[in-house]
Amino acid sequence: MADPAARAPEDTLIPTAHGRVHARRWPGSPQGEGAPIILLHDSLGSVDLWRDFPAKLAQATGRTVIAYDRLGFGQSDPNPHRLLPDFVASEAQDAFAALVDHFKLTRFIVFGHSVGGGMSVSIAAAYPGRCIGVITESAQEFVEDRTLQGIRVAGEQFRDPAQLDRLKRYHGEKAQWVLDAWVQTWLSAEFAGWNLDTTLPRLTVPLLAIHGENDEYGSMRHPEKLVALAGGPSAMLPLPGCGHVPHREREDVVLEAVGAFLDQRGV
């Protein structure tokens with residue numbers, strides 16, 4: 001049996017052009033040879049907000065799992081800039097590129113939650129040959145009225161100082177920037193026309209779109225478009241009665257589905 005200490009997560013800070021990003025790596029099984037899985041968090045997320053899902057994912061698949069805090073989030077350095085309308089696509093060239101170089105990744109799978117799902121699609125398109133599979137969870141494919149209404153409701157809730165204090169547990173004094181980056185960017189006129197319509201056809205690798213049917217931030221139209229427009233083989237997993245965080249609400253189902261997807265697609 002492997003030494004449990006040898007499989008403990010490892011934290012590191014990776015320098016980028018605008019500051020350091022924090023990453024955590026959960027080693028897979030010693031016999032595992034599959035490509036590592038890289039997790040991309042949602043608009044208010046962080047490495048710590050994945051909770052114990054990465055460890056369970058590493059155990060279930062036998063693969064190394066890596067999660068990182070985007071610049072401005074979690075334990076990463078503050079982001080000195082406001083988010084630009086192209087922030088979903090540009091992640092592939094910014095912090096993610098530094099992470100790939102740091103871990104010397106020649107092959108990898110991306111797993112993105114919410115806006116991290118859109119980033120995963122953009123990353124797969126930007127790294128043909130290296131990215132060999134994409135898993136999206138609760139991803140937005142375009143700017144939908146339901147998404148904007150959910151953001152407006154959440155923005156009002158965060159007027160309660162206690163709610164912002166909860167965000168500070170994960171982002172410290174960067175919490176207000178994190179909240180503003182989400183609400184102000186998505187509600188801006190400059191972002192209203194954003195979508196993945198021209199990016200998805202560039203994908204040639206397998207894609208799995210996981211989506212809760214009760215997702216308060218996006219209808220089933222999102223995974224339907226992801227699957228319909230993807231250039232490679234694709235599949236959709238609708239989850240009845242599930243909201244925006246399937247890896248927490250339906251953890252066992254998500255873990256099983258990811259394992260089956262990786263095995264069936266040979267990635």
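Q: Which cut-offs separate buried, partly exposed and exposed residues?
A: Buried means under 20% relative accessible area, exposed means over 50%, and partly exposed is in between. In this predicted model, L237 has a relative accessible area of 21%, so L237 counts as partly exposed.

Q: Where does L237 lie, and with which residues is L237 in contact beyond its neighbours within four places in sequence?
A: L237 lies in strand 8. Leaving aside those neighbours, L237 is in contact with L208, A209, I210, H211, V253 and A257. As for G155, 82 residues in sequence separate it from L237, and the C-alpha to C-alpha distance is 29 Å.

Q: How should I read the buried residues of a helix?
A: An α-helix has 3.6 residues a turn, so residues three or four places apart point the same way. In helix 8 (residues 221-229), the buried residues are H222, P223, K225 and L226. Seen down the axis of helix 8, these residues fall within an arc of 160 degrees, so they line one face of the helix.

Q: What do the buried residues of helix 8 pack against?
A: Their partners are helix 4 (115-126), helix 5 (145-157), strand 6 (131-137), strand 7 (207-212) and strand 8 (234-239).

Q: What does the sign of phi tell me?
A: Most residues other than glycine have a negative phi. Here K104, a residue other than glycine, has a positive phi near 55 degrees. S114 is not a glycine either, and its phi is positive at about 60 degrees.

Q: Where are K104 and S114 found, and is each buried or exposed?
A: K104 is in the loop between helix 3 (95-103) and strand 5 (108-113). With a relative accessible area of 68%, K104 is exposed. S114 is in the loop between strand 5 and helix 4; S114 is buried, at a relative accessible area of 5%.

Q: How many helices and strands does the chain have, and how is its compactness judged?
A: The chain has ten helices and eight strands. Its radius of gyration is 17 Å, close to the 18 Å from the globule rule for 267 residues, so the chain is as compact as a globular protein of that length. Buried residues make up 56% of the 267 residues. Of the contacts with a separation of 6 or more, 76% join residues 24 or more positions apart.

Q: How many charged side chains of each sign does the chain have?
A: There are 25 positive and 33 negative side chains, and the centres of the two sets lie 2 Å apart.

Key
Residues numbered from 1 in each chain as written. Predicted model: local features only at pLDDT ≥ 70, side-chain atom pairs only at ≥ 80, totals over all residues. Heavy atoms only, no water. Buried < 20%, exposed > 50% of the residue type's maximum accessible area, 1.4 Å probe, protein only. Helix = DSSP H or I, 4+ residues; strand = E, 2+ residues; numbered from the N terminus. Arc of directions from axis to C-beta. Contact = heavy atoms within 4.5 Å. Rg over C-alpha atoms; globule rule 2.2 N^0.38 Å. Lys, Arg positive; Asp, Glu negative; His and termini not counted. Charge placed at Lys NZ, Arg CZ, Asp CG, Glu CD.
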